[in-house]
Amino acid sequence: MKFFILTISVYMALFYNCNAAPRGGLPKCASCKKEDIAACPLIEETEDCEPVPEPSCGCCMMCARKRGENCGVATGFCKKGLYCMPRSFEDLYDIYMDTYYGQLLCMTLEDLSEIIPEVLDFVNQTTTEEPEEPDRVPMEAEAPVVPSIRPVIQPNKIPSPPHSRARTPCFDHLEDILSRDYTEKHEWVPECDRRTGLYQPVQCELSYGLERGRCWCVDSRGAAVSGFIKSGSLSECNRTLNI
């Protein structure tokens with residue numbers, strides 16, 4: 001029971017912090033430019049379509065994902081009353097990768113309780129309030145009116161490195177990103193080892209809207225040692241690095 005609660009606590013923290021205002025996390029979303037908005041498809045509310053914003057700082061609207069459909073980064077939000085959740089809470093790394101590759105599922109609380117009965121009360125307590133709409137820098141054009149924004153999944157959010165640690169190239173890289181007013185499309189926000197300050201083997205770009213960021217393998221200094229990889233697999237990078 002304690003393991004499941006710890007796992008879902010970590011997952012829900014990831015789930016709710018994806019596209020919020022910085023507060024120690026990622027900078028704000030960049031403003032939507034006129035050409036970005038002009039290129040958006042027309043999305044109208046119908047019985048079959050609940051308009052929601054694209055995830056990950058996207059500037060367009062899309063139809064919400066339905067029960068049983070995939071959701072997550074570069075895949076989209078679920079309809080009102082549904083929750084974007086993993087199929088299993090047994091492996092935190094699998095949850096992370098399913099989140100990044102949009103392989104989570106839209107499900108009801110009843111669906112979730114069939115996976116982990118104990119977690120139903122926890123989710124009820126955690127999801128009582130809607131997150132605030134992410135702040136943006138002043139916009140060049142008026143963005144379309146959008147409904148209340150539900151959580152945007154973006155697993156690249158990394159807490160600021162502790163100042164008591166020695167400075168490293170990865171921490172310096174990360175602090176440079178966090179010091180900005182907003183992130184660029186597909187910005188590389190480095191994943192640093194919290195203990196050593198070295199670059200993690202797998203690095204990925206931020207996703208933008210429905211465009212998924214690409215991943216690649218690096219050495220401990222952040223130098224690329226592979227081309228773009230499809231899976232973002234830690235084991236694939238470990239083989240490349242002979243770890």
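How many bridges pair strand 7 and strand 8, and in which sense? Strands 7 and 8 pair in the antiparallel sense over three bridges. The model is predicted, and the sections below take up this pairing, the core beside it in the account, two sheets and the salt bridges.

## Sheet of strands 6, 7 and 8

Strand 7 also has a pairing with strand 6, antiparallel and over three bridges. Together the three strands make an open sheet with the order 6-7-8 and antiparallel pairing. The edges are taken by strand 6 (202–204) and strand 8 (224–229); each has a single partner strand, so one side of each is left without a neighbour in the sheet. On average, neighbouring strands of this sheet are turned by 30° against each other, direction ignored.

Individual bridge partners can be named for strand 7. C215 in strand 7 is the bridge partner of C204. W216 stands opposite F228 in strand 8, and V218 stands opposite A224, also a residue of strand 8. Strands 7 and 8 form a hairpin with five residues between them. In the turn, G222 has a positive phi of about 95°.

Which residues of strand 7 point one way, and which the other way? C215 and C217 point one way, W216 and V218 point the other way, and all are buried.

## Largest nonpolar core

The largest nonpolar core has 11 residues. From helix 6 come C170, F171, L174, I177 and L178, and from strand 7 come W216 and V218. The core also includes V189, C192, Y199 and L206. Helix 6 (169–178) and strand 7 (215–218) are the elements that give two or more residues to this core. Helix 6 gives the most, with five residues.

W216 and V218 thus appear in two settings: they belong to the core, and they point the same way from strand 7. Their partners across the pairing with strand 8 are F228 for W216 and A224 for V218.

## Helix 6

In helix 6, the residues C170, F171, L174, I177 and L178 are buried. Where do the buried residues of helix 6 fall, seen down its axis? They fall within an arc of 120°, so they line one face of the helix. An α-helix has 3.6 residues a turn, so residues three or four places apart point the same way.

C170 can be followed further through its contacts. Leaving aside residues up to four places away in sequence, C170 touches P190, E191, C192, G197, L198 and Y199. Among these, C192 and Y199 are members of the core.

## Sheet of strands 3, 5 and 4

A second group of three strands forms an open sheet in the order 3-5-4, again with antiparallel pairing. Strand 3 (70–71) and strand 4 (83–85) stand at its edges with a single partner strand each, so one side of each has no neighbour in the sheet. Strand 4 and strand 5 (residues 104–107) run antiparallel and are joined by three bridges. M85 stands opposite L105 in strand 5.

## Salt bridges

How many salt bridges does a search of the whole structure find? The search finds 10. Side chains of opposite charge can pair when their charged atoms come close.

One of the pairs is K185 with D36, whose closest N and O atoms are 3.3 Å apart. This pair links distant parts of the chain: K185 lies in the loop between helix 6 and strand 6, D36 lies in helix 2 (residues 34–38), and the two are 149 residues apart. K185 is partly exposed, with a relative accessible area of 45%. D36 has a relative accessible area of 17%; because the limit for buried is under 20%, D36 counts as buried.

E205 and R214 meet through their side chains in a salt bridge of 3.0 Å, N to O. E205 is buried at 9% relative accessibility, whereas R214 is partly exposed at 43%. R65 and E69 form a salt bridge at 3.9 Å, N to O. Here R65 is partly exposed at 25% relative accessibility, and E69 is partly exposed at 29%. A network of salt bridges links R167, D172 and E175.

Terms used: Residues numbered from 1 in each chain as written. Predicted model: local features only at pLDDT ≥ 70, side-chain atom pairs only at ≥ 80, totals over all residues. Heavy atoms only, no water. Core = buried A, V, L, I, M, F, W, Y, C linked by side-chain atoms within 4.5 Å. Buried < 20%, exposed > 50% of the residue type's maximum accessible area, 1.4 Å probe, protein only. Helix = DSSP H or I, 4+ residues; strand = E, 2+ residues; numbered from the N terminus. Contact = heavy atoms within 4.5 Å. Pairing = 2+ DSSP bridges. Axes fitted to C-alpha atoms, helices over the stretch in contact; angles between N-to-C directions. Salt bridge = Lys/Arg side-chain N within 4 Å of Asp/Glu carboxyl O. Arc of directions from axis to C-beta.
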